[in-house]
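Reader: I'd like a close look at one helix here, and then at how the rest of the model fits around that part. Could you walk me through it?

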Amino acid sequence: MTLPEGLKRRDFLMKMGLLFNGIVAAILAVPIVRYLMSPVARARKGHYDSWLSLGKLREFPVGQTRLAIYQNPVVNPWDGDTADIPCWVRNVDGQQFQVFAINCAHLGCPVRWFPQSSLFMCPCHGGVYYQDGSRASGPPERGLFQYHHKVENGELFIKAGEIPTPGSAANIISITPGLPRCV
Amino acid sequence: MRLMETVGQWLDDRLQVGATLRETAEHPVPRETASWFYVFGSAAFVVFMLQIVTGIMLALIYVPSAGEAWNSLQTLNHSVALGWFIRALHGWGSEFMVAIVLIHMVQVILFGAYKYPRELTWMVGVLLLLVTLGMAFTGQVLRFDQDAYWGLGIGASIASRVPVLGPQIVNLMLGGPIIAGATLSRFFALHVFVIPGLLIAFVAVHLLMVIKLGINEWPMPGRVVRKATYLKDYHELTKRDGIPFVPSAVWKDLFFSGFILLSIAACAFYFGPFGPSGRPDPTIIQTAPRPDFFFLWLYALLSLLPPSMETPALLVGPVVVLFALLLLPFIFGEGEKSWRRRPIAVLSILVVAVSLGTFTHLSGYTPWSPVMDAWSSTPIPPQYLRNRSALERQGALVFQVKQCHNCHALDNQGGKRGPALDSVAVLLTHDQLIRQVIQGGGNMPAYGKNLSPAETTALVAFLETLRPAGQPAAQDTSRGVAPAPDRGAPSTQP
């Protein structure tokens with residue numbers, strides 16, 4: 001169908017108008033997408049983990065496992081209680097330490113330490129771990145997540161910040177089953 | 001009366017929708033569809049209206065800030081006049097809405113209503129189920145308490161299992177590296193703007209198609225759907241045996257919706273609002289997070305699946321189910337509509353319903369979770385301690401102190417993660433008991449490193465007393481053949 005000359009021109013102008021809006025939308029999409037994706041922007045994501053102090057070494061007696069609390073390195077004033085994150089510190093022999101995430105390796109529920117039986121137990125689906133963090137029983141496919149740690153000037157530091165999850169364990173030491181477990 | 005008519009006429013002269021509305025309201029529907037089975041869709045819609053109204057009322061007080069949300073819920077519960085009731089209405093409204101949407105879906109399947117030409121109506125309905133569940137989950141997060149905090153952690157753990165993109169998805173979901181202020185803000189945006197927007201849009205399309213295509217006729221065995229003839233047959237049916245939707249059919253919808261609203265109000269009044277439970281303080285680890293009712297089945301499933309099946313089930317399962325539901329009308333788009341002629345449809349619904357019901361029921365007493373305080377708060381029943389030797393009683397002490405009771409029940413008290421031990425001595429011999437305690441196995445941790453030889457001896461001595469009267473202890477048959485060396489452990493056999 002051939003359109004009359006005037007209509008053809010307006011039809012062309014309408015299409016140009018649509019194209020113009022499409023271009024503007026594409027330009028606007030850049031900041032919008034970058035805003036939405038900011039939690040995974042490389043510039044930010046690189047700074048999620050940092051070295052944080054868990055306190056003086058003397059707070060962690062030899063041979064014991066204690067709850068320690070650190071503050072999220074990425075924190076906002078309105079985070080409230082959620083800014084404080086617990087973790088389990090095991091002083092193996094005064095020289096060696098292990099710092100375990102509070103999150104069960106199954107689905108992230110908070111594991112509890114039972115010093116009497118030297119086990120970590122999870123209240124959600126019944127995951128159980130030995131004192132060295134290796135899996136003892138239950139649904140977890142692996143041992144507890146472990147933070148990298150270092151001792152400086154009598155203080156224990158861990159590298160933390162990102163929530164430890166089964167998929168994002170890249171920054172976290174994985175426990176190979178067995179510091180030898182005598183039977 | 002005169003005035004109202006005049007005003008109405010004045011408005012309609014300008015809006016010009018009166019005729020369309022009247023025509024829509026009075027459109028003929030097949031006579032049998034004026035049935036109590038056809039009221040669930042409208043009831044879901046009415047409950048959604050209730051959710052909008054109560055949601056806006058809650059937003060007047062609620063503070064979507066991780067630091068303040070919990071306090072603002074306390075204010076709603078305790079300081080604002082009837083704030084507790086509005087919270088309860090919204091909470092119970094959500095439970096009723098999910099339930100009614102599910103019932104509606106079952107009715108649609110049983111009545112074959114998804115078949116030609118209502119495929120798209122069904123598909124939009126599936127999306128409506130998804131967004132309704134999305135509202136339920138995000139709403140649970142806005143009740144920013146311990147369950148919400150750890151529930152988000154579980155969500156993050158599941159999302160992180162997506163291959164390659166997992167960690168990025170977790171960051172996007174949480175709005176940063178970890179559950180914090182940004183997380184609650186984005187769930188607020190989802191719950192209050194994004195998902196309701198989708199819900200309203202989907203409801204509009206869903207309703208439009210119900211009106212354009214007509215309500216599904218009452219299924220009759222033998223009345224088979226064929227694409228070539230269906231539309232003609234349907235129009236003949238409505239012409240021959242139709243009644244106007246308003247008022248002939250709508251009165252049942254009205255009564256049922258009213259009854260549902262009243263039930264929600266009654267539940268809200270009687271049971272009160274949901275939580276909030278403890279403060280969302282991650283350093284309070286004495287907590288056992290639980291999801292809301294409609295996600296309990298998932299909670300059960302996640303503890304019962306074999307570990308190696310979990311990630312595939314979590315990531316592939318939902319996609320398969322979603323596609324199966326979306327494709328349903330294309331695979332079974334023609335044929336019989338009556339449930340009397342569709343045994344597989346009926347059976348499928350029964351299997352799904354019984355499975356979900358069983359999982360939900362199991363979540364009521366979580367046999368897979370250790371009872372975290374059984375060792376310190378659930379004593380050993382006295383009949384298991386009467387007339388026992390000092391060593392056996394020492395063993396009972398070990399049983400408590402080493403948290404055995406957290407997973408093993410005695411006289412139905414204590415954890416159910418492991419088997420109950422009331423008759424363990426009938427099943428396991430002395431040697432087998434020692435081996436099981438020390439090496440563990442069969443989903444039990446090995447206690448070898450955590451028990452001294454003396455403790456093991458005492459514990460096994462206690463376990464050997466655990467058998468019902470009159471039942472003999474397990475015997476090692478080889479004992480009779482070879483002379484038993486003195487093992488040092490005291491015999492507890494009578």
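Author: The buried residues of H9 in chain B start with a run, B:Gly181, B:Ala182, B:Thr183 and B:Leu184, and go on with B:Arg186, B:Phe187, B:Phe188, B:His191, B:Val192, B:Ile195, B:Leu199 and B:Phe202. Keep in mind that we're looking at a predicted model. The cover over those buried residues includes five helices of chain B: H3 (40–59), H4 (69–78), H6 (119–142), H7 (146–159) and H8 (166–174).

The helix itself runs over residues 181–213, which makes 33 residues. From first C-alpha to last, H9(B) reaches 47 Å, close to the 48 Å expected at 1.5 Å a residue. There is a bend, though: about 40 degrees, at B:Leu190. Right after H9(B) comes B:Gly214, with a positive phi near 85 degrees.

For a second helix to set beside it, take H20 of chain B, residues 453–463. H20(B) is mostly covered, with 8 of its 11 residues buried. Those are B:Thr456, B:Thr457, B:Ala458, B:Leu459, B:Val460, B:Ala461, B:Phe462 and B:Leu463. Their packing partners are helices H16 (390–401), H18 (424–427) and H19 (430–439) of chain B.

Where do these two helices sit in the domain assignment? Chain B is given domain 1 (24–363) and domain 2 (374–480), so by residue number H9(B) goes with domain 1 and H20(B) with domain 2. The C-alpha centres of the two domains are separated by 47 Å.

Stepping back, chain B comes to 20 helices and 2 strands. Its radius of gyration is 30 Å, where a compact globule of 494 residues would have one near 23 Å. Along the principal axes, the C-alpha atoms fill a box of roughly 105 × 60 × 45 Å. Of the 494 residues, 37% count as buried. Among contacts in chain B with a separation of 6 or more, 78% are between residues 24 or more positions apart.

A few backbone details in chain B are worth a stop. As background, most residues other than glycine have a negative phi, and most peptide bonds are trans. The bond joining B:Tyr116 and B:Pro117 is cis, with omega about 0 degrees, and B:Pro117 lies in the loop between H5 (83–110) and H6. That H6 is one of the helices covering the buried residues of H9(B). Another cis bond runs from B:Val246 to B:Pro247, with omega near 5 degrees; here the proline is found in a helix, H11 (residues 245–271).

Then there are the positive phi values outside glycine. B:Gln16 has a phi near 55 degrees and lies in the loop between H1 (2–15) and H2 (18–25) of chain B. B:Gln16 counts as exposed because it has 9 other C-beta atoms within 10 Å, and the cut-off for exposed is 12 or fewer. B:Asn387, also not a glycine, has a positive phi of about 55 degrees. Its place is the loop between H15 (374–377) and H16 of chain B, and B:Asn387 is exposed too, because it has 7 C-beta neighbours inside 10 Å. H16, at one end of that loop, is among the helices that the buried residues of H20(B) pack against.

Now for the partner chain. Chain A has 2 helices and 10 strands, and along the sequence both helices come before the strands, in the pattern α-α-β-β-β-β-β-β-β-β-β-β. Of its 183 residues, 41% count as buried. Chain A is assigned domain 1 (5–36) and domain 2 (49–171), with C-alpha centres 53 Å apart. A:Ser38 is found in the loop between H1 (5–36) and H2 (42–45) of chain A, and counts as partly exposed because it has 16 other C-beta atoms within 10 Å.

Where the chains meet, the contact takes 51 residues from chain A and 58 residues from chain B. On the chain A side, at least two residues each come from strands E3 (84–91), E5 (112–114), E6 (119–121), E7 (128–130) and E8 (135–137). E3(A) gives the most, with 3 residues. By type, the chain A side divides into 26 nonpolar, 17 polar and 8 charged residues.

How values were computed
Residues numbered from 1 in each chain as written. Chains lettered and ligands numbered in written order. Predicted model: local features only at pLDDT ≥ 70, side-chain atom pairs only at ≥ 80, totals over all residues. Helix = DSSP H or I, 4+ residues; strand = E, 2+ residues; numbered from the N terminus. Rg over C-alpha atoms; globule rule 2.2 N^0.38 Å. Buried ≥ 20, exposed ≤ 12 C-beta atoms within 10 Å, placed from the backbone. Contact = placed C-beta atoms within 7 Å. Nonpolar A, V, L, I, M, F, W, Y, C, P; charged D, E, K, R; others polar. Domains from an automatic or database assignment. Expected span 1.5 Å × (residues − 1). Bend = angle between axes of the 7 residues up to and from the residue.
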